[in-house]
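Student: I'd love a close look at one part of this protein, a pair of charged side chains and the helix they sit in. Could you walk me through that part and then show me how other parts compare?

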Amino acid sequence: MSRKYRVAIFASGSGSNAETITKYFENHPSIIISLFLTNNAEAGVIKRGKKLGVPTMVFSKKNFAERDDVIKVLENMHIDFVVLAGFLWLIPESLIKAYPNKIVNIHPALLPKYGGKGMWGHHVHEAVVANKETESGITIHFVNEHYDEGETIFQAKCEVTSSDTPEDVAKKVQVLEHQHFPKVIENTLLNL
Ligand code: GRF
């Protein structure tokens, strides 16, 4: 039996996607969520990791962008694939090179619209409502050196009504995230 694919999840915030993904892969025959990583010592993902039995590395800008400390941990843990689930920092070239086409990100909008620097979380949904969009959704894509510009893997849409607030849109989008992200990760990994 070949060893399992080991997956690391980066998150800067609550970690609801990290938790949903971890639960999806519990007892999976060939994929295991081996590590959470966060740049935010207050992130909710840390508590979720403790509850789920997944170790979490908290790292600084220095560890991440100036030195190879994070890459070294990923390699020491034999990580095969990296998932960004609400991770707000740009991925350094050294990490992209260490994991070519093996880093995926989820964005809470239909890229290329509402993407790029500063477009995260509520900022995205506020812009969607302000522009009177009639739909929004999620984009799952490979990660390259530029924010939200890697090759798209998957998109799903939800309706936005004229009475929807940004919070309403965020809720609809989160349902899509939890519904699709684990499966897209599985399909992408198993077709690498
Ligand atoms: C999600 O909206 C995701 O699309 C975006 O950041 C948020 C993460 O939410 N990249 P959570 O921390 O997984 O709850």
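Tutor: Happy to! Let's start with Glu 93 and Lys 97, which form a salt bridge whose closest N and O atoms are 3.3 Å apart. Please keep in mind that this is a predicted model. Why can these two reach each other? Side chains of opposite charge can pair when their charged atoms come close. Here the helix helps us understand the spacing: Glu 93 and Lys 97 are four residues apart in helix α5 (residues 93–98), so about one helical turn separates them. An α-helix has 3.6 residues a turn, so residues three or four places apart point the same way.

Now look at how open each partner is. Glu 93 is partly exposed, because its relative accessibility is 44%, and a residue counts as exposed only over 50%. Lys 97 passes that mark, so it counts as exposed, at 57% relative accessibility. Lys 97 also lets us look across the chain: its C-alpha atom is separated by 9.3 Å from that of Asn 144, although the two residues are 47 apart along the chain.

With that pair in mind, let's turn to another one. Glu 19 and Lys 23 make a salt bridge too, with 2.7 Å between the closest N and O atoms. Both lie in helix α1 (residues 16–24), four residues apart, about one turn of the helix. Their surroundings are worth a look: Glu 19 is buried, because its relative accessibility is 6%, and buried means under 20%. Lys 23, at 46%, is partly exposed. This pair also belongs to something wider, as salt bridges that share partners join Glu 19, Lys 23, Arg 48 and Lys 51 into one network.

A further example is the salt bridge between the side chains of Asp 69 and Arg 67, at 2.8 Å from N to O. Asp 69 is buried, with a relative accessible area of 18%, while Arg 67 is partly exposed, at 43%. Altogether, the count comes to eleven salt bridges.

Lys 51 from the network leads us to helix α2. This helix spans residues 44–52, and its buried residues are Val 45, Ile 46, Gly 49 and Leu 52. Seen down the axis of α2, these buried residues fall within an arc of 135°, so they line one face of the helix. What sits on the face turned away from the buried side of α2? There you find the exposed residues Lys 47, Lys 50 and Lys 51. The cover over the buried residues of α2 includes α1, β2 (31–38) and β3 (56–58). Just after α2 comes Gly 53, with a positive phi of about 75°.

Helix α6 (residues 122–130) gives you a second case to study. Its buried residues are Val 124, His 125, Ala 127 and Val 128. They cover an arc of only 160° around the axis, so they are on the same side of α6. Among the elements that cover these buried residues of α6 are β5 (103–107), β6 (135–142) and α7. Just after α6, Lys 132 takes a positive phi of about 55°.

Since α7 is part of that cover, let's visit one of its residues. Thr 188 is placed in helix α7 (residues 166–190), and at 11% relative accessibility Thr 188 counts as buried. Which residues does Thr 188 touch? Not counting residues up to four places away in sequence, Thr 188 touches Phe 81, Val 104, Phe 142 and Ile 153.

Finally, let's look at the ligand. The residues surrounding the ligand include Ser 14, Gly 15, Ser 16, Asn 17 and Gly 86, along with Ile 106, Pro 108, Gln 174 and Glu 177. Some of them bring polar atoms to the ligand. For Ser 14, a backbone N or O atom lies 3.4 Å from an oxygen atom of the ligand. For Ile 106, a backbone N or O atom lies 3.0 Å from a nitrogen atom of the ligand. Glu 177 uses its side chain, where an N or O atom is 2.5 Å from an oxygen atom of the ligand. Taken alone, the ligand exposes 370 Å², and the protein buries 82% of that.

How values were computed. Residues numbered from 1 in each chain as written. Predicted model: local features only at pLDDT ≥ 70, side-chain atom pairs only at ≥ 80, totals over all residues. Heavy atoms only, no water. Salt bridge = Lys/Arg side-chain N within 4 Å of Asp/Glu carboxyl O. Helix = DSSP H or I, 4+ residues; strand = E, 2+ residues; numbered from the N terminus. Buried < 20%, exposed > 50% of the residue type's maximum accessible area, 1.4 Å probe, protein only. Contact = heavy atoms within 4.5 Å. Arc of directions from axis to C-beta. Near = heavy atom within 4 Å. Polar contact = N/O pair within 3.5 Å; in protein donor to acceptor, adjacent residues only side chain to side chain. Areas by Shrake-Rupley, 256 points an atom, 1.4 Å probe, with all protein chains shown as cover.
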